[in-house]
Amino acid sequence: MESEIQKNRFRQEREELKKMERTVNNCPFRTRYHVMPPVGWLNDPNGLCQFRGIYHAYFQYSPLSVHGGGGYWGHCTSTDLIHWKYKEPVLTTDIPEDAGGVYSGSALIENDHMYLFYTGNVKLPGNYDYIDSGRISTQLLTESDDGQHMSGKTKLLGMEDYPENITRHVRDPKVWKEEGTYYMVLGARARAWDKEGERSDRGGVLIYTSQDKKNWSLWSELVPDKKFGYMWECPDIFVLSGTRVLSYCPQGLPAGEEKYQNIYQSGYSILPVGITAKMDDVFREWDPEDTFREWDMGFDFYAPQSFETEDGRRILIGWAGVPDTEKAHRNLSVENGWQHCLTLPTELVYRSGKIFRKPVSELSNLPWKDVAADKADGKYRKYHWADQAVAVKEDGIAGGERCLLIGREDNGLTIHVAGDKVELTFLNRDRQPSICGGGRRVRIGRVEDRVEELLVLIDSSIVEVFVNGGETVFTTRIYLDKKDRNLAADGRCRILAI
Ligand code: FRU
């Protein structure tokens, strides 16, 4: 049953959509295969699941402000993870516990019924630091029979249920069932001090268990002694080929030359124990830095969430964006009333101690056609596209040098590979940042041995680069006018378009 507040807020969303529809839809940066906000702002993917055969992607949504601020869970569905149908939002801020935001969360499907777990955020007005005071984080449950209409909201955990050493930052429940028990992992910021007695908070996760999805008790607190960022957001725990994986988004890692290049990171660690072992002791000794591997080396990737399809694949979708980057990233779609999108769904494959992320197989079922180059210029083939999605494929690289230019020489993205190294740069020949990069410069990633194959997918304003079948991936937004959508690719590669 929709509450009055909810009805009112959903009406506001519809009005904004009507008002902005033409402007948003005429924007040259709208994508074809990526989940976007119908209008306004989008961030994290939420509640990803397959329910009665249909894929559901919910997302953090601010239809009324292109600069974010939240307030809604947007909703879209798909039968193939590639084509998405936009629905009405499903959640908005209509109870005291979520007055400041219906924050991120996850879906659990059981007995033909959908359970959505999320964080209600409250920021009290006043002079607070919002770390130790002024913020209330509540874990909530809502249920659905159709993925669109939600039941009332039930409070599961409040500030009184978190351990003493945890600050007011506790959020993003990911829930799953294992051997008859329900588990909920939450991202948290623990109060801590360094050797000099200076405050130096530590990121970690809390794991709660339940027998009935309603009553939860603390089962494990995983805050490593060796600090790895001050806060972990959007945690996810799952099993891949018998291996236990923790995915998490640490904030506050100092940037390195070829690592942690964005303001906040997202990656995973292979856990040394199964879930059925109590983790606390193992993890006190554990150094996340030793095991952490970034999910993506591009400019735009954060807050991924995974889910299992009915045919048993583990799919991961990220937000193709990063919080708090307004100054570093001039997103050119803002003037047309929307910003950000989700990544393509990728399938996770565990191989030799690490996880490969490859585009879901549904993508190759699309009617891709090899395209002939518009012209050949020396060793490069040139191709111009405007509205198509394009895939550039090359194998047999064997660590050799390759270069791909998307856009024009004075305004483009260059992907350069040699040996084990892949570099994406928006800098032109004069080392000036290209307009199409929105102010960004260079990202570097490596593979373990050498680059063997490359797959570059371009869908209007997003480029996803898969190296060695997803061993290393780069996700990056790009803002090229249609007339500048050129490609100069090595003569040995295949160019496909759709
Ligand atoms: C990550 C995040 C989450 C939070 C949500 C709010 O981007 O900060 O921790 O739930 O966004 O929109």
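A polar contact here is a pair of N or O atoms within 3.5 Å. Within protein, one atom must be able to donate a hydrogen and the other to accept it, and residues adjacent in sequence count only if both are side-chain atoms. The model is predicted, so local features need pLDDT of at least 70 and side-chain atom pairs pLDDT 80 or more, while totals for chains, interfaces and linings use all residues. Residues are numbered from 1 along each chain as its sequence is written, and side-chain values use heavy atoms, without hydrogens and water.

Start with the ligand's oxygen atoms. An N or O atom in the N43 side chain lies 3.0 Å from one ligand oxygen. In E233, a side-chain N or O atom is 2.8 Å from a ligand oxygen. S104 uses its backbone: an N or O atom there is 3.1 Å from an oxygen of the ligand. Alone, the ligand exposes 320 Å², and the protein buries 88% of that (Shrake-Rupley areas, 1.4 Å probe).

Now widen the view to the residues with a heavy atom within 4 Å of the ligand. Among them are D44, Q60, Y103, R171, D172, Y302 and P323. This shell divides into three nonpolar, three polar and four charged residues.

Where does the ligand sit? It occupies the largest pocket, with more than half of its atoms within 2 Å of the pocket's grid points. That pocket holds about 680 Å³ of space, a volume filled by probe spheres set on the points. Its lining has 29 residues, and N43, Y103, E233, P323 and D324 lie nearest the centre. Nine lining residues are nonpolar, 11 polar and nine charged.

Terms used:
1 Å grid on protein atoms, 1.4 Å probe; cavity = no way out; pocket = protein on both sides within 12 Å on 5 of 7 lines; lining within 4 Å. Nonpolar A, V, L, I, M, F, W, Y, C, P; charged D, E, K, R; others polar.
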